[in-house]
Amino acid sequence: MPTSSSFLSPDWWRQAAVYQIYPRSFADANGDGIGDLAGITSRVPYLEQLGIDAVWLSPFYPSHLTDGGYDVDDYRDVDPRIGTLGDFDEMVGALHEAQIKIIIDIVPNHCSNHHEWFTAAVAAGPGSPERERFHFREGKGLSGELPPNSWGAAFGGPAWTRVQEPDGTMGQWYFHMFSPEQPDWNWDHLDVQNDFLETLRFWSDRGADGFRVDVAHGCAKNMDPAYDVIRDIRDITPLCLDGQHPTHDRDEIHAIYRQWRTLFNQYNPPRIGVAEAWVPPHRAALYASKEELGQAFSFELLKADFNAHQFRSIIEKNVREAAGHDSSITWVFSNHDVVRHVTRYGLTAHQDSEDGQHIDVSRLLENSPYDGHGWLLRGGSNAEVDSDSGTRRARAATLLMLALPGSAYLYQGEELGLPEVGDLPDEVRQDPAFFRDRENTIGRDGCRVPLPWTATGTSFGFGDDDGELPHLPQPAWFASYAVDTQEQTIGSHLQFYRNALALRREFQAAEELTWHGSEGDVLHFSRPGNWHCLTNFGKEAVPLPAGELLIGSAGGITDELPGEASVWMKL
Ligand code: BGC
């Protein structure tokens with residue numbers, strides 16, 4: 001196959017369709033119940049046929065899996081349960097052969113408590129140079145038995161944990177924004193800065209095309225006790241707009257990413273970064289600038305209701321910000337941290353009530369670990385889901401997203417229309433958010449259940465029929481979402497994604513968007529090349545303009561656009 005010009009372009013990422021793989025739940029080649037890198041390699045033809053431009057691979061590093069791999073024991077190796085460095089090289093080779101780029105996840109805010117520098121810090125004792133790579137402090141109280149301040153961790157409980165000193169006594173406390181097994185790095189320390197540069201170089205040399213930067217807004221910190229007056233760092237509202245919050249979006253953070261950019265630009269094509277930064281759009285633009293990472297996730301559509309007015313104002317704002325900073329927008333509806341969007345849109349409380357009033361969704365959904373971070377199902381929730389409406393809305397929203405300028409991030413399984421598994425038994429759950437705060441949340445495992453590749457088999461083709469069962473159990477109803485069934489079904493969710501992605505690739509043009517008199521429940525915009533997208537957010541059908549219909553999110557569309565549907569047209 002000749003190499004396409006977009007694959008070769010240094011700007012390949014600006015309008016890429018990027019498919020997120022959560023490796024332990026994608027495909028299990030060795031039948032041990034855990035997805036692996038060889039499994040990904042075996043499915044490259046599937047990814048190629050889907051029509052994506054890049055894969056974003058969630059952490060695959062050695063980890064004790066306290067937080068699904070976001071607790072990294074060793075940044076420059078592969079978890080032996082999911083492969084070897086050789087498997088990584090083979091996977092990258094196969095993806096590149098198929099002209100698919102690879103973005104890997106880098107976790108710079110924290111490591112795991114099994115990382116060798118952290119175990120060395122605990123062993124070396126108070127005042128040692130080893131402890132300076134982390135945030136250790138003396139506790140309060142008569143014998144230091146109270147945490148240094150009242151700050152809470154994102155997954156619940158205090159943000160400080162006390163260690164046992166080498167002499168056996170209980171001693172200092174260390175800071176962790178997430179669980180106690182995820183100590184935060186001290187980014188003022190040169191060792192930390194240099195070690196991450198080495199890690200970025202290590203994977204870039206091995207063919208990684210870019211990095212998704214986990215908790216990008218968190219690395220820089222000021223742990224001066226003067227900040228202890230802030231009662232809880234999870235409340236980011238008072239200070240977050242001026243870069244002066246002790247742990248959130250500090251101004252010094254940009255020096256880190258400017259240093260990374262210098263390294264990225266030593267490669268051809270330059271490596272890219274996309275920041276997971278939970279900050280307002282005008283602050284996100286700094287992370288996304290050319291001097292830094294290039295992109296920062298926009299999570300606003302993900303958090304919006306299925307509502308024309310909300311969608312339009314979010315799109316307008318983001319297009320404006322991106323144009324002002326020469327970055328490109330990233331759109332996303334689902335990822336490994338939030339309830340899958342067919343389910344989110346189908347929650348009956350997420351829909352308008354009959355008298356047109358919007359119902360408060362907070363009964364069913366919980367704002368997840370840190371402020372503004374998507375949606376989780378509440379603990380003990382018996383959420384009612386209208387799956388037909390949820391699926392219609394999800395398809396309509398996805399078709400709209402795929403027509404927008406910028407890059408579109410898709411999460412494994414969304415191309416199958418896979419719903420959230422909301423009723424996993426407590427004993428199989430893995431998410432620390434559930435264990436540390438089960439009163440309030442059931443956590444994120446429901447969107448991480450291994451994919452169904454076939455309608456039959458003990459793991460629906462995820463692994464070997466004679467092998468171990470998948471690490472999270474798949475419900476029986478997964479059979480009807482299986483890839484093999486959908487491949488045979490005209491108009492299936494999978495076929496819809498494949499068609500839409502193929503057309504997107506064909507029409508992709510300059511990053512411009514023009515609105516056409518959108519009003520009420522209908523949004524209508526076009527892209528250069530006479531590529532129009534119309535979305536009906538209401539329930540009643542509306543007439544379509546005369547023109548050529550290219551694709552619809554629902555079947556049987558002719559001269560009317562049904563409720564909860566989108567079309568692409570040439571007018
Ligand atoms: C990742 C989460 C993870 C958290 C802590 C995030 O933003 O996406 O899955 O739990 O960082 O690493």
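This passage looks at how two domains of the protein chain meet. The model is a predicted one, and the domain assignment splits the chain into three parts. Domain 1 comes in two stretches, 5-110 and 190-501, while domain 2 covers 116-175 and domain 3 covers 511-570. The focus here is on domain 1 and domain 2, whose C-alpha centres sit 31 Å apart.

So what does the meeting of these two domains look like? On the domain 1 side, 25 residues make contact, and on the domain 2 side 19 residues do. The size of an interface is often given as the accessible area lost when the parts come together. Between domain 1 and domain 2, about 1700 Å² is buried, with carbon and sulfur atoms giving 59% of that area. Within domain 1, the residues that lose the most area to domain 2 are Met-223, Asp-228 and Arg-436, and together they account for 34% of what that side buries.

Charged pairs turn up here as well: three salt bridges are counted between domain 1 and domain 2. Asp-228, already listed for the area it loses to domain 2, also has its side chain in a salt bridge with that of Arg-137, at 2.6 Å from N to O. Polar contacts across the interface of domain 1 and domain 2 come to seven residue pairs, with both residues at pLDDT 80 or more.

On the side of domain 1 that touches domain 2, helix 6 (190-205) and helix 13 (432-436) are the elements that give two or more residues. The make-up of that side is 13 charged residues, 11 nonpolar and one polar.

Note on methods: Residues numbered from 1 in each chain as written. Predicted model: local features only at pLDDT ≥ 70, side-chain atom pairs only at ≥ 80, totals over all residues. Heavy atoms only, no water. Domains from an automatic or database assignment. Contact = heavy atoms within 4.5 Å. Buried area = accessible area lost by both parts, 1.4 Å probe. Salt bridge = Lys/Arg side-chain N within 4 Å of Asp/Glu carboxyl O. Polar contact = N/O pair within 3.5 Å; in protein donor to acceptor, adjacent residues only side chain to side chain. Helix = DSSP H or I, 4+ residues; strand = E, 2+ residues; numbered from the N terminus. Nonpolar A, V, L, I, M, F, W, Y, C, P; charged D, E, K, R; others polar.
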